[in-house]
Every structure is written in C-alpha cells, then in structure tokens.
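Biologist: I've got the coordinates open and a few things to ask about them. Shall we go through them together?

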Amino acid sequence: MSPVTAAVDVVVCRGCCCGTARKRPGTDHEGQLASLAEAVAALPAARLVVTDCLGPCEQANVVVVRPRGRLQDGRRARPVWFGNVTDATGTAELCAWIGEISRTAGQVSPEGPLSPLLDSLRIPAPGPERVRDTTRRAGPSKA
C-alpha cells in the first residue's frame with residue numbers, strides 16, 4: 001500500500017529583494033532554490049512556485065508553505081510564512097519539514113509545532129493593511 005500524501009505548494013519569493021545578492025549578499029540563492037526544488041520533486045503531490053514579490057521585503061528571503069488540504073479536524077490548513085531564510089541550515093530544515101508534512105498527509109500540522117530554528121524564521125502573513133497599502137501605491141485613488 002502506498003503512503004497517502006498531502007498536497008503542498010512551496011512558494012518562493014524572487015521579487016525585488018528576495019533572491020538577490022544586493023539585498024542578501026553571501027547567500028547562495030541559486031543553491032537555495034535548487035534545494036527547495038529537489039525537496040519538492042521528491043514529493044508526488046507538491047509543487048514549487050517561484051513568484052514575484054510577496055511583500056515583506058525587509059525579511060527577504062521569503063518562503064511560504066501552503067498546504068492544499070485539510071487538517072484532521074476538518075479545518076483548512078493555513079499557509080505558513082517564513083522570512084530571513086538565508087542559509088543552508090535553515091533551507092535544509094525547511095526542506096525536511098515540507099517533506100514531513102507531505103508524507104504524513106496532515107498528521108504533522110503545518111501550523112506547528114515547529115523546530116526552534118524554523119520557529120525563529122516564521123513570520124506573520126502580511127495583513128489586509130499591507131495589501132491595501134500596496135494597492136493604494138499601485139494605482140491612482142478613485143476618490
């Protein structure tokens with residue numbers, strides 16, 4: 001019998017600040033992306049999504065783990081945001097945690113608990129205020 005897997009998206013910011021030596025010199029940005037791609041490729045129901053700016057630029061590099069399933073209690077699993085993911089140790093631990101979530105089909109809650117290292121990298125999702133601010137700056141006001 002094959003193991004059941006939970007679908008998960010790993011969203012990697014590569015916008016204005018994330019993934020650039022200008023913002024995070026000394027970080028192996030290509031190596032980080034390759035490690036995440038390798039971890040995701042090993043999981044049948046996982047996808048790697050490389051996207052433009054996710055918003056919290058002051059915390060580059062940003063990675064969001066977005067489960068597509070439900071937790072055992074029926075609640076929809078929430079995305080978990082990580083920031084300042086800039087070294088190989090943090091990337092490796094994140095890759096291992098992504099694999100654990102996917103392989104255990106929701107037995108490991110994406111909402112926690114996290115290892116001390118991953119917990120230190122966890123950031124709050126940008127709230128509606130940030131989205132409104134971005135929208136306001138993006139175009140003229142309709143007032």
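Modeller: Sure, let's start with the strands: β1 and β3 pair in the antiparallel sense over 5 bridges. Strands are DSSP runs (E, at least two residues) and helices are too (H or I, at least four), numbered from the N terminus; two strands pair if DSSP finds at least two bridges between them. Bear in mind that this is a predicted model, where local features need pLDDT of at least 70 and side-chain atom pairs count only at pLDDT 80 or more, while totals for chains, interfaces and linings use all residues. Residues are numbered from 1 along each chain as its sequence is written, and side-chain values use heavy atoms, with hydrogens and water left out.

Biologist: Which residue in β3 does V8 stand opposite?

Modeller: Follow the antiparallel pairing of β1 with β3. Across from V8, in β3, you'll find P67.

Biologist: And how many bridges join β3 to β4?

Modeller: These two run antiparallel as well. One spot to look at is V65, which stands opposite V80 in β4. The count of bridges joining β3 to β4 is 3.

Biologist: How many of the residues of β3 are buried?

Modeller: Buried means under 20% relative accessible area, exposed over 50%, and partly exposed in between (1.4 Å probe, protein chains only). By that yardstick β3 is mostly covered, and the buried part of its 5 residues is 4.

Biologist: Which residues are linked with D9 in a network of salt bridges?

Modeller: A salt bridge here is a side-chain nitrogen of Lys or Arg within 4 Å of a carboxyl oxygen of Asp or Glu, and the structure holds 2 of them. R47 meets D9 at 2.8 Å, N to O; because R47 lies in strand β2 (residues 46-51) and D9 in strand β1 (residues 8-13), that pair ties together parts 38 residues apart in sequence. The other partner has its closest N and O atoms 3.0 Å from those of D9, and it sits in strand β3 (residues 63-67), so this pair ties together parts 57 residues apart in sequence. The residues linked with D9 are R47 and R66.

Biologist: Is D9 buried or exposed?

Modeller: Look at its partners before D9 itself: R47 is partly exposed at 44% relative accessible area, and R66 is partly exposed at 35%. D9 has a relative accessible area of 2%, so it counts as buried.

Biologist: Why is there no disulfide between C13 and C18?

Modeller: A disulfide needs a pair of cysteine sulfur atoms within 2.5 Å, and a search of the whole structure finds 0. For C13, the closest cysteine sulfur is in C18, and that is too far for a bond: 3.5 Å.

Biologist: What kind of aromatic pair do F82 and W97 make?

Modeller: Rings of Phe, Tyr and Trp (its six-membered ring) pair if their centres lie within 6.5 Å; planes under 30 degrees apart count as stacked, over 60 as edge-to-face and the rest as tilted. The count comes to 1 aromatic pair. F82 and W97 have ring centres 5.6 Å apart and planes at 80°, so the pair is edge-to-face.

Biologist: Last one: which residue's backbone oxygen lies 3.1 Å from a polar atom of the H29 side chain?

Modeller: H29 is in helix α1 (residues 29-41), and at 7% relative accessibility H29 counts as buried. The backbone oxygen at 3.1 Å from that side chain belongs to R24.

Definitions and conventions: Polar contact = N/O pair within 3.5 Å; in protein donor to acceptor, adjacent residues only side chain to side chain.
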